[in-house]
Structure formats: C-alpha cells, structure tokens
Amino acid sequence: MTSEQATYARVIRRETHSPRSGLAIVLAVILILVCAWLGTEIVLALLGRPALLVAPVDMGRGVVAIGRYPTVPVIIAGVIVAIIGLILVVVSVSAGRRARHVLPSQRSAIVVDDEVIASALARQASYAGNIDPDDVEVRVSRRSASVRIRPTSGQSVDKDAIEHAVTEMLERYQTAPALHARVSVQNEAKVGA
C-alpha cells in the first residue's frame, strides 16, 4: 500500500466512523460534578457545617452497613449499575458509524452521504416508473436502500422496472459496504390534485 493509499484509507475511516468524544465529554462532566460535590461535602464536614445532601461520615456508614439493607433493592441497584457499565463497555468498544458510504476510486477518497444516494435513487425510480418524484421515498441504511412508492390514484406503477433501474444504479455505484435495493409499492394511493 502506497503512502497515498494509506492516507486515503485514514481519510475514509475518519469520515465514515463517528468519534466517541460526545459520550466521553458527557461522562467527564458527570465525573467532574460528582467529584466537585464530594469535595464540597468533605470541606463542609471539615468546617463543621451541615451537608448539602449527605455527610461523608454518613456515606461511609451506609457503605459499611450495606449488608443490613433489604436484599432486593441492593440487588436491583447492582444490576442497574452492571447494565450501565456493560452499555458503556459495548459503546466504547464498538465503532460508531456515520450515514455515509465509500465509492471506489484509485485516485482519491470518495465518501458520499446516504442522503445523496437516497436522492439519486429517488430520482432514478421516478424516471424509471414515470411517476412524480414526490411519490417516491427512499431510505438508505448501512446495507440496504428501501424505495417506497406511493402512486397517485389511478396511476399504474411498474415495480419491476423501478427495481431493475435502482438495482442497476447501485451496481454502478459499487458502494462499500454494498447496498441492496428493496422496492415496495403502497396499496393506498394518494389522491391526485
């Protein structure tokens, strides 16, 4: 792999994967607030002032006496904390994905937003089916493109022609990851104006 291709691979990775900085910032703010609250409680206890919420001595006694509390609430609290921890571990390990696909190119890195692909597919379906563009709705996900047709009343729709045109367009694009088209025609038609 040449240095140019390595650069393109880095750019593509950066543009198609979302960073976890938002979650990290939220967790850092929560941790800072908890530490500030604990620090305030400790300072108030040292100055002999009343606690804001719970005095540090009472917190310590509560932790030591946890065996005397009813079992069910302690187990529920432990399960909740374990679930939150598991969610945070899964989120930190899994890669976040942006709504974008990569198009093949040897000379540059081409990253296309899913909305652009959806717009192109809607236009292609409109032309292929000889229907109004407002009658076509396209949603693009990671591996599929869902084309929904809601024709005007009294108008016939050639689903096979639309499916063929949309599939052919996706094959020309050669997106990574590959997209597969699903075309559906709604049973209830719109009332024509």
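A salt bridge is defined here as a side-chain nitrogen of Lys or Arg within 4 Å of a carboxyl oxygen of Asp or Glu. The structure is a predicted model, in which local features need pLDDT of at least 70 and side-chain atom pairs count only at pLDDT 80 or more, while totals for chains, interfaces and linings use all residues. Residues are numbered from 1 along each chain as its sequence is written, and side-chain values use heavy atoms, with hydrogens and water left out.

**Exercise 1. Describe the elements of the protein and how far the chain spreads out.**

Solution. Begin with the helices (DSSP runs of H or I, at least four residues) and the strands (E, at least two), both numbered from the N terminus. The protein has 6 helices and 7 strands, and their order along the sequence is α-β-α-α-α-β-β-β-α-β-β-α-β. Next, take the radius of gyration, calculated over C-alpha atoms, and the globule rule, which is 2.2 Å times the number of residues to the power 0.38. The radius of gyration is 28 Å, well over the 16 Å that the globule rule gives for 193 residues, so the protein is more spread out than a compact globule. Along the principal axes, the C-alpha atoms fill a box of roughly 80 × 55 × 30 Å.

**Exercise 2. Work out what share of the residues is buried and what the exposed area consists of.**

Solution. Accessible areas come from the Shrake-Rupley method with a 1.4 Å probe, and for residues only the protein chains shown count as cover. A residue is buried under 20% relative accessible area, exposed over 50%, and partly exposed in between. By this measure, 21% of the 193 residues count as buried. The protein exposes about 13,400 Å², and carbon and sulfur atoms supply 62% of that area.

**Exercise 3. Locate the nonpolar surface patch and say which helix gives the most to it.**

Solution. Patches are made of residues with over 30% relative accessible area and no salt bridge, where like charges are joined within 9 Å and nonpolar side chains (Val, Leu, Ile, Met, Phe, Trp, Tyr) within 5 Å. The nonpolar patch covers about 870 Å², and its members include Leu23, Val26, Ile30, Ile76 and Leu88. Helix H2 (21-47) and helix H4 (71-93) each supply at least two of the patch residues, and H2 gives the most, with 6 residues. Val26, for instance, lies in helix H2 and is partly exposed, with a relative accessible area of 46%.

**Exercise 4. Examine three salt bridges, giving for each the distance and the accessibility of the partners.**

Solution. Side chains of opposite charge can pair when their charged atoms come close. The structure holds 4 salt bridges, among them the following.

- Asp58 pairs with Arg61, with the closest N and O atoms 3.4 Å apart. Because these two residues are 3 apart in helix H3 (residues 56-64), they are separated by about one helical turn. Asp58 is partly exposed at 41%, whereas Arg61 is exposed at 56%.
- Arg100 and Asp113 meet at 3.9 Å, N to O. This pair links distant parts of the chain, 13 residues apart, with Arg100 in strand E3 (residues 100-103) and Asp113 in strand E4 (residues 110-113). Arg100 is partly exposed at 25%, and Asp113 is partly exposed at 28%.
- Arg139 pairs with Glu137, with the closest N and O atoms 3.2 Å apart. Arg139 is exposed at 55%, whereas Glu137 is partly exposed at 32%.

Key: Buried < 20%, exposed > 50% of the residue type's maximum accessible area, 1.4 Å probe, protein only.
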